[in-house]
Amino acid sequence: MRMSRLMLKTLREAPSEAELESHKLLLRAGLVTSFAAGLYAFTPMGWRVIRRIEAIIREEMDRTGAQEVRLPELNPVELWEQSGRAQSMGQTLFRLADRKERGFVLGPTHEEGMSLLASRHIQSYRDLPVTLYQIETKFRDEPRPRGGLVRLREFTMKDAYSFDADWEALDASYAAAYQAYVRIFERAGVPVIPVAADSGAIGGKESQEFVYLTEDGEDEILLCPKCGYAANAEKAEFTPPPPVPGAALPIEKVATPDQKTIASLAKFLDVEERQTVKAVFYKVDGNPVFVAIRGDLDVNEVKLKNALKAQDVEPMDEAMVRRLGLIAGSASAVGLEGMPVVADASATTAPNLVAGANEDGFHLLNTNHGRDWKADVVASIALARGGDACATCGTPLEVRRGMEMGHVFKLGTLYSESIGVNYLDEGGERHPCVMGCYGIGVERMLAAIIEANHDANGICWPGDVTPFDVHVVALNLDQDGMTPALAELEEALEASGLSALVDDRPDSAGIKFKDADLLGIPTRFTLSPRSIEKGGIEVRDRKSGDTAVVSVAEAVGGLKR
Ligand SMILES: [Zn+2]
């Protein structure tokens, strides 16, 4: 490709709206252009990289025996009503109606569609296992599209779904997808770590995310520096500090004027925060829930949601608090009526905790679970924080930020049951297939590749995703012998099956070299009257900056993969 013909515009400075390094470089290198928040168009250069990323994903998925298919992006809404997600996905779903007012959704993911396709083909245990995948556009009405290509409203996702006879067989399909992911990220040059992820309230069993650690990531990851335990904050387990021991003492009401927070209360009474119990009010699927947790801990709302098998958990609104007569700052489960009490195990095992007296300005000393109050549900619902003890080895956990790059998930039978993907076993008995699902976002991968592979001068593409194999900078093309020399080089490259971006523009060497660094193709050839005089072509490695002048044959031979 001659650069004089390529539709490409590089920028010296990144537009001010770009914050992430990848976003800046995507714009500066002219790979994308924004149409609206979360909507991007790809230029020829940008699209070449996307195609290379897709090729890696395709190769590695095919290698596991997964089969590529294609589903419609426009889904009848009935399919989503069947699974319950027409409701549970809420406003994230893009909905529309056809001319006959029939409802449709634009697929944000395709568990339903893939299940429908599989249900038409899977009949007996002989049809299993099967893993299907597609690389297709997804639509999500994200409230906050951000970070260039990191969070989009229209994006490409490789989504794969496995169908197995039982959980044991699913383990093998899951392991195969996991291995494919390890290879995909390695080839794409994105260093990732697998972290345990939340698998939801219903059906799911095991779930891992592949996370690229970066300070700019949206996800909080807790890592154990000793044993390697890694989980996202929603899922992370930890061992809370032990309670202050002691035999149960008699309950006692004390005046605590103006002590509305745990910190001020603990100071006022000269106790540790772990010697208090905190009351948190929630609205769970529309109903009030009283949560009791030790004062030094916070509630993990995802764990709470899972413990209650709920769809929706949100802090209780003022109106409901008032209607129920809850005394914020002095509430407790002692003597509480009219709503279920959910307790973190921390609040039920510690003796003699300070709790609210359900009376403004008063607290109770020495409350004990079992004697003074009783939780309806006891569960592990505390949020892990940096410095908390690793549940496996006790080492303080570290907090890191990361970007979720891929997700593997043992789904179970939720969709096979609702959509009807069943098989007959050897005895002729009918069972729902056990499903797994596996996703990778393609555009986000492009962003992470740039995040992980750039320097002060621009992008440094890993070899497997580079838009061209070589960047040829041709200088002084108007001088004698240069045109045939360039033609000879282009022929040699073509004969070797190598793709080249040839900078034949009349610009200065300085501008051309700057653009070559910015565009980031791993190898640069410089062809000039001077290089010819020295014996051929100057070959420069983008990453190391090493240069050497070699013959055309040697230069082209060195590029072959
Ligand atoms: Zn550990």
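Let's start with Glu 252, which stands opposite Leu 365 in strand E20. Strands here are E runs of at least two residues in DSSP, helices are H or I runs of at least four, and both are numbered from the N terminus. Glu 252 is part of a pairing in which strand E14, residues 252–255, is joined to strand E20, residues 362–367, by four bridges, and the two run antiparallel. Two strands count as paired if DSSP finds at least two bridges between them.

Before we go on, please remember that this is a predicted model, where local features need pLDDT of at least 70, side-chain atom pairs count only at pLDDT 80 or more, and totals for chains, interfaces and linings use all residues. Residues are numbered from 1 along each chain as its sequence is written, and side-chain values use heavy atoms, with hydrogens and water left out.

Back to E20. Strand E19, residues 353–356, is also joined to E20, by three bridges, and this pair runs antiparallel too. Look for Gly 356, whose bridge partner in E20 is His 363. The hairpin of E19 and E20 has five residues between the strands, and there Asn 358 takes a positive phi near 55°.

That brings us to some backbone angles. Most residues other than glycine have a negative phi, and most peptide bonds are trans. Asp 258 is not glycine, yet its phi is positive, near 65°. You will find Asp 258 in the loop between E14 and helix H7, residues 262–269. Is Asp 258 buried or exposed? Asp 258 counts as exposed because its relative accessibility is 68%. For these words, buried means under 20% relative accessible area, exposed means over 50%, and partly exposed is in between, using a 1.4 Å probe and protein chains only.

Asp 285 also has a positive phi, near 50°, and sits in the loop between E15 and E16. With a relative accessible area of 38%, Asp 285 is partly exposed. As for peptide bonds, the one from Leu 128 to Pro 129 is cis, with omega near 0°. Pro 129 lies in the loop between helix H5, residues 111–119, and strand E7, residues 130–139.

Now follow me into strand E16, where we find Ala 292. Why does Ala 292 count as buried? Because its relative accessibility is 2%. Leaving aside neighbours within four places in sequence, Ala 292 is in contact with residues including Val 277, Lys 278, Val 342 and Trp 373. Contact means heavy atoms within 4.5 Å.

Ala 292 also helps to line the largest cavity, along with others, among them Val 277, Phe 290, Ser 332 and Trp 373. A cavity is a set of points on a 1 Å grid over the protein atoms alone where a 1.4 Å probe fits but cannot get out, and lining residues have an atom within 4 Å of a point. How many cavities of 30 Å³ or more does the structure hold? Two. The largest has a volume of about 60 Å³, where volume is the space filled by probe spheres set on the points, and points are joined across faces, edges and corners. Strand E15, residues 277–284, gives the most to this lining, with three residues.

By class, the lining of the largest cavity has nine nonpolar, one polar and one charged residues. Here Ala, Val, Leu, Ile, Met, Phe, Trp, Tyr, Cys and Pro count as nonpolar, Asp, Glu, Lys and Arg as charged, and the others, Gly among them, as polar. The second largest cavity holds about 40 Å³ of space, and its lining divides into two nonpolar, one polar and five charged residues. Among those lining residues are His 471, Asp 517 and Arg 540.

Helix H14, residues 509–519, gives two or more residues to that second lining. Its buried residues include Ala 516, Asp 517 and Leu 519. Just after H14, Gly 520 has a positive phi of about 80°.

Gly 520 is also one of the residues that Trp 461 touches, as are Leu 31 and Leu 446. Those last two and Trp 461 are among the residues with the most contacts inside the largest nonpolar core, which has 60 residues. A nonpolar core is a set of buried Ala, Val, Leu, Ile, Met, Phe, Trp, Tyr and Cys residues joined through side-chain atoms within 4.5 Å. Helix H6, residues 167–188, gives the most to this core, with nine residues. Apart from this core lies another, of 25 residues, among them Cys 224 and Val 289.

Notes. On a 1 Å grid over the protein atoms alone, a cavity is a set of points where a 1.4 Å probe fits but cannot get out, and a pocket is an open set with protein on both sides within 12 Å along at least five of seven lines; lining residues have an atom within 4 Å of a point.
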